[in-house]
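Me: I am new to this structure and would be grateful for a close look at a single part of it, the nonpolar core and the residues around it. Please set that part in the context of the whole chain.

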Amino acid sequence: ASQAAGTILRRGIHLEGGDQEYFNEWAKDVTGDGTPLNMFAREMLIDALLYGHTACLVDYSNEAQPATLAEEIALGRKPYLVRVGAQQIRGWRTVNNRNQAPLTMVRYSETISVPEGRFGEDIITQIRVLTEDGYEIWRDEDPGEDNFAGWSLYESGEHTAGEVPLVTIYSNRIATLVSKPPLEECANLTI
């Protein structure tokens, strides 16, 4: 999969249209942690080739909104991308519950690190629910216990995208968020 991704993306991604200077700067760090667009696209393509599909959340900080674009640029705020692997997706709904329809809701698990005390960190698994007009984050009510206590709503909010802000990349699509890994037959030959 890695070699195939390298062949497909050997020229890299070229962005056109809009504010060229802004997008060239954005492409240097599309995830907020220094990952350039070409590397992010390669990781997404490898996931799609291995699992049949992968997804990308288009996110933006939920801090107070700046009044002007100049203020936003001065603060260094910009949209960022979050890779959501096929294995993370727990469920979804589509328009009229059709196989080939836009998403109205998707749920996926994510693991985050939260500071604990002066030097420690807690690793927390949470469920993020995205809808056409908002989001919710659900966490285990008592993550320190061995027994699962159930989920409780940790955070919720609104967004203005007007659709579920998740883009799915398929390499072998069957239906919305359903695919067959294209390399599965090759893997079966080695068994």
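Reply: The account below begins with the chain as a whole, turns to the core, and then follows the surrounding contacts and charged pairs.

The model is a predicted one. The chain has 191 residues, of which 31% count as buried. Its secondary structure comprises 5 helices and 10 strands, and the C-alpha trace spans about 50 × 50 × 45 Å along its principal axes. Among contacts with a separation of 6 or more, 50% are made by residues 24 or more positions apart. About 12500 Å² of the chain is exposed, and carbon and sulfur atoms supply 51% of that area.

The largest nonpolar core consists of 13 residues. The members that touch the most others are Val-84, Ile-89, Val-106, Leu-130 and Leu-166. At least two residues of this core come from each of strand E1 (53–59), E4 and strand E6 (134–140). E4 makes the largest contribution, with 3 residues.

Leu-130 offers a useful point from which to view this region. Setting aside residues up to four places away in sequence, Leu-130 touches Leu-57, Thr-104, Met-105, Val-106, Tyr-108, Tyr-135, Val-164 and Pro-165. One of these partners, Val-106, is itself among the core members that touch the most others. A second core, separate from this one, has 8 residues, including Ala-27, Val-30, Phe-40 and Leu-81.

Val-164, another partner of Leu-130, belongs to the loop between strand E7 (151–158) and strand E8 (166–170). Although placed in a loop, Val-164 counts as buried because its relative accessibility is 5%, below the 20% cut-off. With residues up to four places away again left out, the contacts of Val-164 are Leu-103, Thr-104, Met-105, Val-106, Leu-130, Thr-131 and Glu-132. Thr-104, Met-105 and Val-106 thus appear among the contacts of Leu-130 and also among those of Val-164. The C-alpha atom of Val-164 is separated by 10 Å from that of Thr-94, a residue 70 positions away along the chain.

The strands that carry these residues also hold a charged pair. Arg-128 and Glu-110 form a salt bridge through their side chains, with an N to O distance of 2.9 Å. This pair links distant parts of the chain, since Arg-128 is in strand E5 (residues 120–131) and Glu-110 is in strand E4 (residues 103–116), 18 residues apart. Arg-128 counts as buried at 15% relative accessibility, and Glu-110 likewise counts as buried at 11%. Side chains of opposite charge can pair when their charged atoms come close.

In the whole structure, a search finds 4 salt bridges. Another of them joins the side chains of Arg-83 and Glu-43, at 3.2 Å from N to O. Here too distant parts of the chain are linked: Arg-83 is in strand E2 (residues 80–85) and Glu-43 in helix H3 (residues 37–51), 40 residues apart. Arg-83 is partly exposed, at 36% relative accessibility, and Glu-43 is partly exposed as well, at 30%. Together with Asp-47, these two residues are linked in a network of salt bridges. A further salt bridge is that of Lys-28 with Glu-25, with 3.4 Å from N to O. Lys-28 is exposed, with a relative accessible area of 53%, whereas Glu-25 is partly exposed at 45%. Across the chain there are 16 positive and 29 negative side chains, and the centres of these two sets lie 9 Å apart.

One more loop residue completes the picture. Gly-52 is located in the loop between H3 and E1, and E1 is one of the strands that supply at least two residues to the largest core. Gly-52 counts as buried because its relative accessibility is 0%. Its C-alpha atom is 3.9 Å from that of Pro-181, although the two residues are 129 residues apart in sequence. Apart from neighbours within four places in sequence, Gly-52 is in contact with Asp-47, Ile-169, Tyr-170, Ser-171, Asn-172, Ser-179, Lys-180, Pro-181 and Pro-182. Asp-47, in this list of contacts, is also a member of the salt-bridge network with Glu-43 and Arg-83.

Terms used. Residues numbered from 1 in each chain as written. Predicted model: local features only at pLDDT ≥ 70, side-chain atom pairs only at ≥ 80, totals over all residues. Heavy atoms only, no water. Helix = DSSP H or I, 4+ residues; strand = E, 2+ residues; numbered from the N terminus. Buried < 20%, exposed > 50% of the residue type's maximum accessible area, 1.4 Å probe, protein only. Contact = heavy atoms within 4.5 Å. Areas by Shrake-Rupley, 256 points an atom, 1.4 Å probe, with all protein chains shown as cover. Lys, Arg positive; Asp, Glu negative; His and termini not counted. Charge placed at Lys NZ, Arg CZ, Asp CG, Glu CD. Core = buried A, V, L, I, M, F, W, Y, C linked by side-chain atoms within 4.5 Å.
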